[in-house]
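Subject: A structure for you to explore

Hi there,

Here is the structure I promised to pass on, along with some notes on what turned up in it. Have it open beside you while you read.

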Amino acid sequence: MGEQLDPFSASNLPDFISSQKIGRPVNFEGQNNRGHPFSGLKKRGQSSRSWVKIDQDGNSAVLELDKATIMKRCSLPSRDLRLLDPLFIYPSSILGRERAIVVSLEKIRCIITAEEVILMNARDASVVQYQSELCTRLQSNQNLHIKDDLPFEFKALELVLELSCLSLDAQVNELEMEVYPVLDELATNISTLNLEHVRRLKGRLLTLTQKVQKVCDEIEHLMDDDDDMAEMYLTEKKERAEAHASEELEDNIGEDFESSGIVSKSAPVSPVGSTSGNFGKLQRAFSSIVGSHKSLLSSSSIGENIDQLEMLLEAYFVVVDNTLSKLSSLKEYIDDTEDLINIKLGNVQNQLIQFQLLLTAATFVAAIFAAVTAVFGMNLQDSVFQNPTTFQYVLLITGIGCGFLYFGFVLYFKHKKVFPL
């Protein structure tokens, strides 16, 4: 008899069952689909953006990098990259991380590492100026073989601070040139148009003051914290890490050489070989502990030698503080002008009150005279009406009495110092 085939064997199962067993999706047309059915779609939030990379030699290149690649490349958390997002408005900040410095000052938003600067690609004038100026400086130093004491990350950070300070100072100077003439005109001619113009300028002044104050506070915060400044020495940390890695590599090569068992044939065999092997392991472990302790000491020595960065930050702190003092002087001038306007308006208001008092007194006196004339205007039987001259004397006496009464009101107001003498 021939061998009977099992209808439920693996070879006779349908393709889609065997493929499900293997764990691959199946195309019902007979071909296996090796990719995900939605592989063509990008993950949400992982879209690539255009960045400009500037290396230590001043060469720039445009890169298309997504958020995950930037995070992995610079060892940055996601919250730090939100500072660089142009869709959000965040205050100025300078953050020192393990392998990068995140800078967001004015329009310049970049990531500075020990080897490169990753700059947000934009058409803003500040970004274009920073890119061209940094490339020019690095290339000129490279061509002239100028040895600079500043590491690469501090050169890039210095240019960011310089351009940001110049931009803020230019905005302040422009605001000063616009504010002072308007305030002088307002002091001489108080009008609704001038008041509205000053109100808009005061709003711009408040916004600019907040921006300058934030930059000043950020630099001051860095100078007050030695650990944050020590964290920004990226080149030194990179060199220390490379040196530590080379030491570990030499130790591993030595261990491999010792464990390879290459011993001279004429060498005597020690009866306590096992104990000597254990002693060697203990010695290597002790040396690794000592090496890690030395690396910790070297990292702590950075905190003691931060004068270079502190002097750099202090120089631009003076510039920002000078800009902030200009804004303070401008605000004081606006406040003085407002006080002068309030004084003038108060003086006008006092004059109106004085005039109102005079009109009220005159109205009171006129009311008395009108009351007398009203009495004589009634249909009364009296001998006064028979003689016209008698009625004229009544009017004359009433008018003189009203005049003395009005003069008495004026003297009373001056006595109470309601009117200036």
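To start with a small puzzle: is Lys214 buried, partly exposed or exposed? Lys214 has a relative accessible area of 30%, which makes it partly exposed. Before going further, please keep in mind that this is a predicted model.

**Salt bridges**

Lys214 is a good way into the charged contacts. Its side chain meets that of Glu218 in a salt bridge, at 3.8 Å from N to O. Both residues sit in helix 6, and because they are 4 residues apart there, about one helical turn separates them. Their surroundings are worth a look too: Lys214 is partly exposed, whereas Glu218 is buried, with a relative accessible area of 9%. The cut-off for "buried" is under 20% relative accessible area, so Glu218, at 9%, falls within that class.

How many salt bridges does the structure hold? There are 14. Two others are worth finding on your screen.

Arg137 pairs with Glu162, and the closest N and O atoms are 3.0 Å apart. Arg137 belongs to helix 4 (residues 125-144) and Glu162 to helix 5 (residues 152-188), so this pair ties together parts that are 25 residues apart in sequence. Arg137 is partly exposed, at 29% relative accessibility, and Glu162 is partly exposed as well, at 22%.

Then there is Glu178, which forms a salt bridge with Arg204; here the closest N and O atoms are 3.0 Å apart. Glu178 lies in helix 5 and Arg204 in helix 6 (residues 192-224), so the bridge ties together parts that are 26 residues apart in sequence. Glu178 has a relative accessible area of 27% and is partly exposed. Arg204 is also partly exposed, with 39% relative accessibility.

**A negative patch**

Next, have a look at the surface. Which residues form a negative patch there? They are Asp217, Glu220, Asp224, Asp226, Asp227 and Asp321. Helix 6 gives the most to this patch, with 3 residues. Helix 6 and helix 7 (226-231) each supply at least two of the patch residues. If you want one residue to begin with, try Asp217: it lies in helix 6 and is partly exposed, at 35% relative accessibility.

**Two annotated spans and a nonpolar patch**

The unreviewed UniProt entry lists residues 357-378 and 390-413 under "transmembrane region". What does the model show over these spans? Residues 357-378 are 91% helix and 0% strand, and the end C-alpha atoms lie 32 Å apart. For residues 390-413, the chain is 100% helix and 0% strand, with the end C-alpha atoms 35 Å apart.

There is also a nonpolar patch on the surface, formed by Tyr393, Leu396, Ile397, Ile400 and Phe404. Together these residues have about 600 Å² of accessible area. Phe404 is found in helix 11 (residues 388-415). Is Phe404 buried or exposed? Phe404 is exposed, with a relative accessible area of 62%.

A nice route through the model is to begin at Lys214 and Glu218 in helix 6, go on to Asp217 in that helix, and finish at Phe404 in helix 11.

Happy exploring!

Technical notes
Residues numbered from 1 in each chain as written. Predicted model: local features only at pLDDT ≥ 70, side-chain atom pairs only at ≥ 80, totals over all residues. Heavy atoms only, no water. UniProt positions renumbered as here; feature names shortened; annotations may be inferred. Salt bridge = Lys/Arg side-chain N within 4 Å of Asp/Glu carboxyl O. Buried < 20%, exposed > 50% of the residue type's maximum accessible area, 1.4 Å probe, protein only. Patch = residues over 30% accessible without salt bridge, like charges linked within 9 Å, V, L, I, M, F, W, Y side chains within 5 Å. Areas by Shrake-Rupley, 256 points an atom, 1.4 Å probe, with all protein chains shown as cover. Lys, Arg positive; Asp, Glu negative; His and termini not counted. Charge placed at Lys NZ, Arg CZ, Asp CG, Glu CD.
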